[in-house]
Amino acid sequence: MPKLLLIGAKKNYNAEYFYSRAFPILSLDCNSSSVTAMESDQGYPEVFERQLEAFAQKGDVVFAPSTSGNFENVIRGIEVATQRVATL
């Protein structure tokens with residue numbers, strides 16, 4: 001079943017905002033423990049990249065809001081999502 005993956009959303013959007021019984025929703029920046037651990041081990045630019053490598057599958061939708069479009073962590077996440085055939 002396809003899922004909605006949220007990246008780069010900070011506090012403006014979260015899984016509750018997109019709540020739906022139709023498909024699963026996962027906000028990759030809301031789990032502060034995971035984000036902090038990955039940031040410490042690999043660096044913040046890789047936070048979404050690593051999570052999308054683990055979770056993104058064909059048919060998933062990735063929502064990646066960005067005010068400037070220049071955040072390296074969001075750009076790298078989009079690149080991984082595109083490689084995994086997720087819809088942006």
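I count two residues as in contact when they have heavy atoms within 4.5 Å. I am working on a predicted model.

**Entry 1: F48**

I looked up the contacts of F48, leaving aside its neighbours within four places in sequence. F48 is in contact with I7, G8, L28 and D29. The list also holds N73, V74 and G77.

**Entry 2: the core**

Next I turned to the largest nonpolar core, which has 13 residues. Which of them touch the most other members? I found L5, I7, L28, V47, F48, L52 and V62. Then I checked the elements that give two or more residues to this core. They are α1 (32-42), α2 (47-55) and α3 (72-83).

**Entry 3: α1 against α2**

How do the axes of α1 and α2 cross? I noted that they come within 9 Å and cross at roughly 110°. Angles of 65 to 115 degrees count as roughly perpendicular, so α1 is roughly perpendicular to α2. The crossing of α1 past α2 is right-handed. On the α1 side, V35, M38, E39 and Q42 make the contact. On the α2 side, I listed V47, R50 and Q51. I sorted these residues by class: 3 are nonpolar, 2 polar and 2 charged.

**Entry 4: Q51**

I picked Q51, which lies in helix α2. Is Q51 buried or exposed? Its relative accessibility is 8%. Buried means under 20%, so Q51 counts as buried. I then looked for its contacts, again leaving aside neighbours within four places in sequence. Q51 is in contact with L28, V35 and M38. Of these, V35 and M38 also appear in the contact of α1 with α2, and L28 is one of the core residues that touch the most other members.

Key. Residues numbered from 1 in each chain as written. Predicted model: local features only at pLDDT ≥ 70, side-chain atom pairs only at ≥ 80, totals over all residues. Heavy atoms only, no water. Core = buried A, V, L, I, M, F, W, Y, C linked by side-chain atoms within 4.5 Å. Buried < 20%, exposed > 50% of the residue type's maximum accessible area, 1.4 Å probe, protein only. Helix = DSSP H or I, 4+ residues; strand = E, 2+ residues; numbered from the N terminus. Axes fitted to C-alpha atoms, helices over the stretch in contact; angles between N-to-C directions. Parallel < 35°, antiparallel > 145°, perpendicular 65-115°, else oblique. Left-handed = near helix turned anticlockwise from the far one by under 90°. Nonpolar A, V, L, I, M, F, W, Y, C, P; charged D, E, K, R; others polar.
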